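Biologist: Please take a close look at the salt bridges in this model. I would like to know which residues pair, and how the pairs sit relative to the strands around them.

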Amino acid sequence: MKRISTHILDLTHGKPAIAVPVRLEKQNSAGDWRQLTAARTDDDGRCLQLLPEGEDLSAGVYRLTFDTASYFARQKVNTLYPVVEITFQAREDESHFHIPLLLSPNGYSTYRGS
């Protein structure tokens with residue numbers, strides 16, 4: 001099954017970041033972005049499948065956008081990064097991308113997960 005997933009860990013608390021709005025987009029040949037889906041992380045800080053049913057994981061440039069401002073506002077914490085955008089490239093014959101986000105109010109990190 002072709003899949004794009006994410007997981008957010010709040011490093012301040014050492015716990016999953018729950019109910020963070022996440023948007024998946026794909027860039028077209030003109031450089032414009034087309035939204036594929038929008039979701040919220042679950043109780044384990046995950047979005048297990050962001051690629052919509054019927055949408056093929058084709059080669060191209062994708063972007064995950066995380067609304068971190070709303071997440072930190074619920075905790076009454078100021079954040080330096082109100083939005084985190086992660087842009088990544090899918091190549092032919094790739095079938096799964098897991099893009100974790102390690103998050104704190106004043107920093108973040110990401111990597112290609114498995």
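**Salt bridges and the sheet**

Modeller: Glu 55 and Arg 34 form a salt bridge in this predicted model, with 3.0 Å between their closest N and O atoms. This pair links distant parts of the chain, its members being 21 residues apart. Glu 55 lies in the loop between β5 (46-47) and β6 (60-66), while Arg 34 belongs to strand β4, residues 33-40. Both side chains count as partly exposed, since partly exposed covers values between 20% and 50%: the relative accessibility is 25% for Glu 55 and 42% for Arg 34.

The search of the whole structure finds 6 salt bridges. Another of them joins Arg 46 to Asp 44, where the closest N and O atoms are 2.8 Å apart. Arg 46 is partly exposed, at a relative accessible area of 27%, and Asp 44 is also classed as partly exposed, at 37%.

Salt bridges with shared partners also produce a network, made up of Arg 23, Glu 25 and Arg 63. Within this network, Arg 23 bridges to Glu 25, and the closest N and O atoms are 3.6 Å apart. That separation counts as a salt bridge because the cut-off is 4 Å. The two residues of this pair fall in separate accessibility classes: Arg 23 is partly exposed, with a relative accessible area of 29%, whereas Glu 25 is buried, at 8% relative accessibility. Glu 25 is put in the buried class because its value is under 20%.

The strands give the setting for these residues. Strand β3 spans residues 21-27 and pairs with β6 in the antiparallel sense, over 5 bridges. On the β6 side, Thr 65 is the bridge partner of Arg 23. Arg 23 therefore has a strand partner in Thr 65 as well as a salt-bridge partner in Glu 25, because strands of a sheet pair through backbone hydrogen bonds, whereas side chains of opposite charge can pair when their charged atoms come close.

The β3 and β6 pairing is part of an open sheet of 4 strands, in the order β4-β3-β6-β7, with antiparallel pairing. Its edge strands are β4 and β7 (84-90), each of which pairs on one side only. From one strand to the next, the twist averages 20°. To return to the opening pair, Arg 34 is in β4, which is one of the edge strands, and its salt-bridge partner is Glu 55, in the loop between β5 and β6.

Technical notes:
Residues are numbered from 1 along each chain as its sequence is written. This is a predicted model: local features need pLDDT of at least 70, side-chain atom pairs count only at pLDDT 80 or more; totals for chains, interfaces and linings use all residues. Side-chain values use heavy atoms; hydrogens and water are left out. A salt bridge is a side-chain nitrogen of Lys or Arg within 4 Å of a carboxyl oxygen of Asp or Glu. Buried means under 20% relative accessible area, exposed over 50%, partly exposed in between (1.4 Å probe, protein chains only). Helices (H or I, at least four residues) and strands (E, at least two) are DSSP runs, numbered from the N terminus. Two strands pair if DSSP finds at least two bridges between them. Axes are lines fitted to C-alpha atoms, for helices over the stretch in contact, and angles run from 0 to 180 degrees between N-to-C directions.
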